[in-house]
Amino acid sequence: MAVEGGMKCVKFLLYVLLLAFCACAVGLIAIGVAVQVVLKQAITHETTAGSLLPVVIIAVGAFLFLVAFVGCCGACKENYCLMITFAIFLSLIMLVEVAVAIAGYVFRDQVKSEFNKSFQQQMQNYLKDNKTATILDKLQKENNCCGVSNYTDWENIPGMAKDRVPDSCCINITVGCGNDFKESTIHTQGCVETIAIWLRKNILLVAAAALGIAFVEVLGIIFSCCLVKSIRSGYEVM
């Protein structure tokens, strides 16, 4: 009876954690998709270590969701093999997440460099390609920035007069507001630094979320091992 009661308690706690895993998985997928969209807009389609990070995040989120499903099936059926598989896969996910975090830290400067280089390349096509113009305008509007380093970067663009910047650089956007502009009427800070500042402001939030996910996963491993032990004890009693 004591073994059965303990098993029920562990199962209940594991179900709660499995719900948390599903929420974490959806969150990781959402973060990966959001980062991928931003990089697709700002960085060319070259495959680099930096551009692969969001893909890995999405893959980890999808795999975590699948592992949570395996854990749910194992807990419902009190299946020894499924619970062992769940614990092993959850441990592997933790290792991958640690690797992704390390890679993100190591390649942070490379991502910034890629963004800088790609933005400069796309600026050269601003007046030639409407799609490129739309992407850069959206980026400058949403981040209240102008150019790569600052607004003077637009002076070097063929066909762009020295007294002209895209209308998306204006503080109050109207048609033609970028012509004969005054510094007080436009965003003078470059987009690379603006986005870097935003990332630095939000890095603590991301770190806290990552620690929360890791804590939940550790609890999941512990409770799954406890359930495996209870299942095994039940077999031995039988």
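A nonpolar core is taken here as a set of buried Ala, Val, Leu, Ile, Met, Phe, Trp, Tyr and Cys residues joined through side-chain atoms within 4.5 Å. In this predicted model, the largest such core comprises 26 residues, of which Leu14, Phe21, Leu64, Met83, Phe86, Leu90 and Leu227 touch the most other members. Helices α1 (2-42), α2, α3 and α6 each contribute at least two residues to this core, and α1 provides the largest share, with 8 residues. Another core, of 23 residues, lies apart from it and includes Phe115, Phe119, Cys191 and Ile195.

Aromatic contacts were also examined, and a search of the whole structure identified 3 aromatic pairs. One of these is formed by phenylalanine 63 and phenylalanine 89, with 5.4 Å centre to centre and 55° between the planes, a tilted arrangement. This pair links distant parts of the chain, 26 residues apart, with phenylalanine 63 in helix α2 (residues 49-77) and phenylalanine 89 in helix α3 (residues 80-106). Phenylalanine 63 is partly exposed because its relative accessibility is 31%; phenylalanine 89, at 29%, likewise counts as partly exposed.

Tyrosine 126 and tryptophan 154 form an edge-to-face pair, at 5.0 Å centre to centre and with 70° between the planes. Here the linked parts of the chain are 28 residues apart: tyrosine 126 is located in the loop between α4 (108-124) and α5 (130-143), and tryptophan 154 in the loop between α5 and α6 (191-237). Tyrosine 126 is buried, with a relative accessible area of 10%, and tryptophan 154 is buried at 0% relative accessibility.

Methods: Residues numbered from 1 in each chain as written. Predicted model: local features only at pLDDT ≥ 70, side-chain atom pairs only at ≥ 80, totals over all residues. Heavy atoms only, no water. Phe/Tyr/Trp six-rings, centres within 6.5 Å; stacked < 30°, edge-to-face > 60°. Helix = DSSP H or I, 4+ residues; strand = E, 2+ residues; numbered from the N terminus. Buried < 20%, exposed > 50% of the residue type's maximum accessible area, 1.4 Å probe, protein only.
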